Amino acid sequence: PRQALKEAEASAARALTIDPTLYEAHLALGDVRRMHDLDWAGAEATYEQAIAQNPSYESAHRCYGMMLSVQARHAEAIRASERACELDPLCLVVGTTAAWTRYAAGDFDAAVDHSRNTIDMDPEFMPARRVLAAAYLQSGRETEALSELESAVSLAEGDSDPMVIAWLAHAKAVTGNRRAATTLIARAQSLERERYVPPYHLAMAYVGLNSIDAAFEMLDQAWHDGER
């Protein structure tokens, strides 16, 4: 991620030298400032600039909402994500972001509703299934959370998606099945031969096992990689 973000920054900067009003480039720079630089004030100003250039640009509202959410500015985050949904109600990423901002705000019922709406449009869209399962788990609906993640892993895409596997490992661990969680973590790590496996999600799996040292090791790796 770190390398990709730096390359995105350079490309966006070149684009803006050609056309300073290019709202897609402003959005890309906002993402770099949010995820790579951790410059939230700079990211906010850049997202606002993208929105000013094109108020109907759903991606700018969506990414702005994500940034507000991680700052615990939940009411603003929900408004931004809902605006993105109004602009593009059929976008799977937009719907999942709306679910996530609700989840982060502790409104798990709304997170479930948004996730389900997104899954209705595409049952194989893994990010929505992950958020749905997380909302179930936080609501005490452990059986439904496990069923959701197990179904996701059984789908063709989920079977090779290390993030879904890691989330299932976390759910297995916190519901008492440590052996299955350990097996799933090893399965997710085995995919490193084929694709990038985000350490942050492995850290979450280790947290479920209460393996704190391993969790911090994965978080250190996520920081080094630039994963945000």
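Helix α10 (residues 162-174) comprises 13 residues and spans 18 Å from its first C-alpha to its last, close to the 18 Å expected at 1.5 Å a residue; the expected span is 1.5 Å times one less than the number of residues. Helices here are DSSP runs (H or I, at least four residues), numbered from the N terminus.

The model is predicted: local features need pLDDT of at least 70, side-chain atom pairs count only at pLDDT 80 or more, and totals for chains, interfaces and linings use all residues. Residues are numbered from 1 along each chain as its sequence is written, and side-chain values use heavy atoms, with hydrogens and water left out.

**Surroundings of α10**

Because 11 of its 13 residues are buried, α10 is largely enclosed by the rest of the structure. Buried denotes under 20% relative accessible area, exposed over 50%, and partly exposed in between (1.4 Å probe, protein chains only). The buried residues of α10 include W167, L168 and H170. Their cover includes α6 (92-104), α8 (126-138), α9 (142-154), α11 (178-190) and α12 (199-208). At the N-terminal end, D161 caps α10, with a side-chain oxygen 2.9 Å from the backbone nitrogen of M163. After α10 comes G176, whose phi is positive, near 100°.

**Salt bridges**

A salt bridge is a side-chain nitrogen of Lys or Arg within 4 Å of a carboxyl oxygen of Asp or Glu. By this rule the count is 10. Three of these pairs are tabulated below.

| Pair | Closest N to O distance |
|---|---|
| E76 and R73 | 2.9 Å |
| E86 and R83 | 3.1 Å |
| R129 and E148 | 2.3 Å |

The R129 and E148 pair links distant parts of the chain, with R129 in helix α8 and E148 in helix α9, 19 residues apart. R129 is buried, at 11% relative accessible area, and E148 is likewise buried, at 13%. Leaving aside neighbours within four places in sequence, E148 is in contact (heavy atoms within 4.5 Å) with I119, R129, L132 and A133.

By contrast in location, E86 and R83 both lie in helix α5 (residues 74-87), 3 residues apart, about one turn of the helix. E86 is exposed, with a relative accessible area of 56%, whereas R83 is partly exposed at 33%. E76 is partly exposed at 29%, as is R73 at 23%.

**Helix α13**

W223 is found in helix α13 (residues 212-225). At 52% relative accessibility, W223 counts as exposed.

How values were computed. Helix = DSSP H or I, 4+ residues; strand = E, 2+ residues; numbered from the N terminus. Polar contact = N/O pair within 3.5 Å; in protein donor to acceptor, adjacent residues only side chain to side chain.
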